[in-house]
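Me: I have a structure to go through before class. Can you take me through it in plain words?

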Amino acid sequence: MRFSDLTRCAARELFRRRARSAALAAGFALAAAGVVVFSGVWQASRQDSDKILAGTGTHFITFRPAAAQDCIVAAHCPPGQMNCPPQGAHPFWFNGTPTQLLPPDLVAKVSTLSSVRDVSPCLLMRLTHRSGNPYLVAGLDASNATAVRTTSCAATDILSGEFLKPGESHQAVLEESYAKSQNLTTGSGIEIAGQPFRVIGVANTGARPAKADVYVTLQDARNIAYAGMYNPPADMTNLLLVEAKDATSHERAMSEVKAALAGSTITSYNCYLPAAQVMGINQQTGKLLLAAAGLAAFLVALKSQWAGLIERRREIAILKVLGWTPGMLARLIFLEALLLALAGSVLGCVLGQAILSFTPVHGAAAGLSAWAMAIPLVVAGALLAAVLPVWHAARQWPANGLRMQ
Amino acid sequence: MFEARGISKSFRVAGRDVPVLKDLHCKLPSRSVSLITGRSGEGKSTLLSLLAGLDFPDAGELLFQGDVMPSSAMGRMADWRRNRVGVLFQHFNLLPSWTILQNIEAALITGGMGCAERLLRSHDWLKRVGLDHRHDHLPSQLSVGQQQLAALARVMAAEPQVILADEPCADVDPETGEAIQRHLLEFVRAGNGTLVVASHGTFPQELADCVFQLSGHPIDS
Ligand SMILES: Nc1ncnc2c1ncn2[C@@H]1O[C@H](COP(=O)(O)OP(=O)(O)OP(=O)(O)O)[C@@H](O)[C@H]1O
Ligand SMILES: [Mg+2]
């Protein structure tokens, strides 16, 4: 039998039973619209939760702790001139712990990891004020907009004045609390390790992990550290500020960075884990809901196609008498299901898109990917639902159907 | 020719078996008119549907031109029947939602015949039975006799080797009945076809080359 004849028969049959065809197509359309709307809302909520997670837990800091008595400076002292600072005056400091300097090639190594979006070196030092009080100085890459912003200080934290500019030197941004305690404001002059600096801004960084009292450019910080050393190492860094690719790669990023730096310690926000887990649960629920929608569509299609087949039993029997083989009848029924499912699902996608554009869910919009999911899902459901009726129709002796008047 | 060897058929109704055909033996020759007669309910239609492969016998064998028919294999019987057997039913069995033209096309479509040829042949047969002006009508929009003629056109247009006709003249006026007989006889005489008619008296016995009387197991006497 020619395909064109088969298609004509299928289309004619669908047109003859307009009401049933419309009902079935509407069912397929609803299923497809459901998938599109659901995927739009789901994606929006995923983007939102990703955003929240990105704001809380997709960044971390890695460093290598040192014993307090280890003298880092000693390694860079001329032989026989060990001039270590007294215990407690160890300059490289983080989180209340002395730290070692990190290998200079580590930044390049970490930045190639697929789980890492951004990495920035930082030099965090604990210096002693003339008054004898310790204070923290952070040297930041002022040109970095990602990792530095989420872990330390950024232009958005500035309360007055401005943020550090790459290339400029001897400028400092003060943490608000430090500025207040020292009675300093924008424009004040300060001295850091004997070098003069001008305060260009005051910032409040909230609860960032690499928080300091004074922020200067990385180069300035290194120059301050070099001053106390003989033959200082290049690119001194004691902290790596890392931004993971996204919330779901956070854990992998941490373990990969840790593997890259033996003996390192990672500091991260604690909330990332449950949040990421909740997101995982949401995704599971989403998949489950999608599967349930697919199953419902399948069952509706199965019921409808089965009812249609019972209604057409006599007709199918007559076609068999007229020489239609079970294969031809199967092709006819599958083609009918395919045509209805295609028409219904495309209609449903348009409908779903329209619903999404009116939905109050912020940012909910489904793209072609939702269509690419909905149409094959509905078509597959419809064809699958036709398998049983087709199988049943093929197995019936014509005489059984002909008895039904 | 058709040959039945020890055919039995019963139907299970309301939990018990209703025997219709019991150990039936008969031979119906090729290229001739065979008439199966018998009282109502004796199983004439049942026998025709077994010969056409629309149903399977409980026991016995059916042979067509010396070969045993695969009577219990539905799919193989469908292949055997295709392009070979035309059935004219007692209740016409026209496709109720197809026009009569489409009904005829439905029998021609399976062989892959082109659309133009199909239409030509369908219209030709509708003209021959005097229904061409009603070609776009549904069976329910025709009289019972006209439905019989449409069913005849559908069978004839497919040009089968064998026609199994169940009461072909029962529901028509004598003149139309004669026209139907003429077409069927022409199918045998001019077309070298084989015709098996089941009738309880509306088809003249003298037109038949061979008469087979179904009797002995009337279930309602
Ligand atoms: N599918 C079926 N289920 C139950 N009983 C059936 C079935 N088909 C046929 N019968 C029974 O078989 C018997 C023979 O039926 P059949 O139609 O073959 O008779 P017939 O000789 O053609 O009668 P008529 O001359 O009235 O057409 C009837 O009693 C009928 O009730
Ligand atoms: Mg009968």
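Reply: Start with a definition: a residue is called buried under 20% relative accessible area, exposed over 50%, and partly exposed in between. Keep in mind that this is a predicted model.

Me: ok, so is Asn183(A) buried or exposed?

Reply: Asn183(A) has a relative accessible area of 71%, so it counts as exposed, the cut-off being over 50%. The residue lies in the loop between helix H5 (176-181) and strand S8 (189-192) of chain A.

Me: what about the phi of Asn183(A)?

Reply: Phi is near 60° there, a positive value in a residue other than glycine. Asn95(A) is another residue to look at: its phi is positive, about 60°, and it is not a glycine.

Me: where is Asn95(A)?

Reply: Asn95(A) is in the loop between strand S2 (93-94) and strand S3 (97-98) of chain A. With a relative accessible area of 52%, Asn95(A) is exposed.

Me: switching to helices. which residues of helix H7 in chain A are buried?

Reply: Helix H7 of chain A covers residues 250-260, and its buried residues are His250(A), Ala253(A), Met254(A) and Val257(A). Looking down the axis of H7(A), these buried residues fall within an arc of 100°, so they line one face of the helix.

Me: why would a spacing of three or four matter?

Reply: An α-helix has 3.6 residues a turn, so residues three or four places apart point the same way.

Me: new topic. how many aromatic pairs are there?

Reply: There are 6 over all chains. In one of them, Phe2(B) and Phe64(B), the ring centres are 5.1 Å apart and the planes are at 55°, so the pair is tilted.

Me: where do those two sit in the chain?

Reply: Phe2(B) is in strand S1 (residues 2-13) of chain B and Phe64(B) is in strand S4 (residues 59-64) of chain B. They are 62 residues apart, so the pair links distant parts of the chain. Both Phe2(B) and Phe64(B) are buried.

Me: and what about Phe2(B) with Trp80(B)?

Reply: For Phe2(B) and Trp80(B), the centres are 6.4 Å apart and the planes are at 70°, so that pair is edge-to-face. Trp80(B) lies in helix H2 (residues 74-81) of chain B while Phe2(B) lies in strand S1, so the pair ties together parts 78 residues apart in sequence. Both of these residues are buried. Phe2(B), Phe64(B) and Trp80(B) form one aromatic cluster.

Me: which charged end sits over the ring of Trp98(B)?

Reply: That of Arg12(A), 5.1 Å from the ring centre. In chain B, the charged end of Lys9(B) sits over the ring of Phe56(B), 4.2 Å from its centre.

Me: now the metal. which residues coordinate the magnesium ion, ligand 2?

Reply: Ser45(B) through OG and Gln90(B) through OE1, at 2.0 to 2.3 Å. Ser45(B) is in helix H1 (residues 44-51) of chain B, and Gln90(B) is in the loop between strand S6 (85-88) and helix H3 (100-108), 45 residues apart. Ser45(B) is partly exposed at 24% relative accessible area, and Gln90(B) is partly exposed at 27%.

Me: last one. how many disulfides?

Reply: The count is 0 over all chains. As for individual cysteines, Cys153(A) is buried at 0% relative accessible area, whereas Cys115(B) is partly exposed at 30%.

Definitions and conventions: Residues numbered from 1 in each chain as written. Chains lettered and ligands numbered in written order. Predicted model: local features only at pLDDT ≥ 70, side-chain atom pairs only at ≥ 80, totals over all residues. Heavy atoms only, no water. Disulfide = S-S within 2.5 Å. Buried < 20%, exposed > 50% of the residue type's maximum accessible area, 1.4 Å probe, protein only. Donors = N, O, S within 2.8 Å, 3.2 Å for Na, K, Ca; no water. Helix = DSSP H or I, 4+ residues; strand = E, 2+ residues; numbered from the N terminus. Arc of directions from axis to C-beta. Phe/Tyr/Trp six-rings, centres within 6.5 Å; stacked < 30°, edge-to-face > 60°. Lys NZ or Arg CZ within 6 Å of the ring centre and 35° of its normal.
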